[in-house]
Amino acid sequence: MPLQQAPLSRRTFLAHAAAAGLGVTLTRRAFAAATTPADPHTWALLSDTHIAADRARVARGVNLTEHLTDVVRDVLARPRRPAGLFIDGDLALNTGEEGDYAVLTELLLPVRGAGIPITLALGNHDHRARCWAGLPGERRHEAAAGERQAAVVRGERANWFVLDSLDRTNSTPGVLGAEQLAWLGRALDAHADRPALVMVHHNPNTGGNKNGLTDTDALLAVLRPRRHVQAHFYGHSHRWQIDRDESGIHLVNLPAVAYPFAADQPSGWVEATVLPAGLRLELRARDSRHPGHAQARELAWRT
Ligand SMILES: [Zn+2]
């Protein structure tokens, strides 16, 4: 079963918000967003939040709680309420402690209060069992792919396939494994009626890079022949970059919510709108002075 957090009723949200000490401004913004019409084609894509149990924690000059709070505020201020929000792994700072996930849950409350469902992927700084323990109210249902937290999120124009590439906590490379890849093949075949968008924390290992997904070739062997697979999203490298695989699949590197590794890279999130024959991706940089902020790219589906 995937890591998902459902929207909250107004009453439950208010109770949780009070317990978490959520400010009036964010509470009001969640209520305002809840009355904004939901757009079934728009999705909020986040990655690498690196949240710590200590809300004052600063890493690489960045207050981690502040960055996610700013991103949540921006998501809720958009003119269209997204159909769902994803975080593509590295939810936690370093070693995936229960307290990290408890704070993450609190920081995401306004999203759920606004009626937006959340799907979480795991990265190399997460810990599977402690993530489950730290997310209150979440229960483990039967696993889709063994221990792996894989999910299918259905959309009107495209479906999302969220995978779990966590290998060893706090060790950089990732792996999907044969069992999860077999599940992915079956899940893609069962949902071949519309375009498929695949989300993995680790970047493809290409060009001699060994710090990404160690079974990249096996993943591509599943994705390439299935012509409805249109895009592969990943985080891990804390970069905003779009490439194209030789088979025409779009490779989208999501920026980190936390800190970029390179000075010219933004932190922030990406607003994705699924079009009838492609995808519109708009960078929402946390610093609106970043030259890429509010710039959109349109990607056409491969034929
Ligand atoms: Zn990261």
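This passage describes the sheets, helix packing and nonpolar core of a predicted model. Local features were taken at pLDDT of at least 70 and side-chain atom pairs at pLDDT 80 or more, whereas totals for chains, interfaces and linings use all residues of the predicted model. Residues are numbered from 1 along each chain as its sequence is written.

Helices (H or I, at least four residues) and strands (E, at least two) are DSSP runs, numbered from the N terminus. Strands count as paired if DSSP finds at least two bridges between them. Seven strands form an open sheet with mixed pairing. Their order is 1-6-5-2-13-14-15. Strand 1 (3–5) and strand 15 (296–300) are the edges; each has a single partner strand, so one side of each is left without a neighbour in the sheet. From one strand to the next, the twist averages 25 degrees. Angles run from 0 to 180 degrees between N-to-C directions, and axes are lines fitted to C-alpha atoms, for helices over the stretch in contact. Within this sheet, strand 2 (residues 38–46) and strand 5 (residues 81–88) run parallel and are joined by six bridges. Glycine 84 in strand 5 stands opposite tryptophan 43.

A further open sheet has six strands, again with mixed pairing, in the order 7-8-9-10-12-11. Strand 7 (151–153) and strand 11 (241–244) are its edge strands, each pairing on one side only. The twist here averages 20 degrees from one strand to the next. Strand 10 and strand 12 run parallel, with four bridges between them. Histidine 250 in strand 12 stands opposite alanine 231. Strand 11 pairs with strand 12 (residues 250–253) in the antiparallel sense, over four bridges. Glutamine 241 has asparagine 253 of strand 12 as its bridge partner. The two strands, 11 and 12, form a hairpin with five residues between them. In the turn, glycine 248 has a positive phi of about 100 degrees.

Helices lie across both sheets. Helix 3 lies across strand 2, strand 5, strand 13 (268–275) and strand 14 (278–285). Its direction is at about 30 degrees to strand 13. Helix 7 (residues 178–190) lies across strand 7, strand 8 (159–162), strand 9 (196–199) and strand 10 (229–234). Helix 7 runs at about 175 degrees to strand 8.

Helix 3 (residues 64–77) also packs with helix 2 (residues 24–34). Their axes come within 9 Å and cross at roughly 30 degrees. Contact here requires C-beta atoms, placed from the backbone, to lie within 7 Å. Leu26, Arg29, Ala30 and Ala33 in helix 2 meet Arg73, Leu76 and Ala77 in helix 3. By class, this contact has five nonpolar, no polar and two charged residues.

The largest nonpolar core (buried Ala, Val, Leu, Ile, Met, Phe, Trp, Tyr and Cys residues joined through C-beta atoms within 7 Å) has 79 residues. A residue is buried if 20 or more other C-beta atoms lie within 10 Å of its own, exposed if 12 or fewer, and partly exposed in between. Leu45, Ile51, Leu163 and Met199 have the most contacts inside the core. Helix 3 gives the largest share, six residues. Residues touched by isoleucine 51 include Leu64, Leu68, Leu91, Val103 and Leu107, with residues up to four places away in sequence not counted. In helix 4 (residues 98–107), the buried residues are Asp100, Tyr101, Val103, Leu104, Thr105 and Leu107. Their cover includes helix 3 and helix 6 (128–134).

Conventions
Two residues are in contact if their C-beta atoms, placed from the backbone, lie within 7 Å. Ala, Val, Leu, Ile, Met, Phe, Trp, Tyr, Cys and Pro count as nonpolar, Asp, Glu, Lys and Arg as charged, and the others, Gly among them, as polar.
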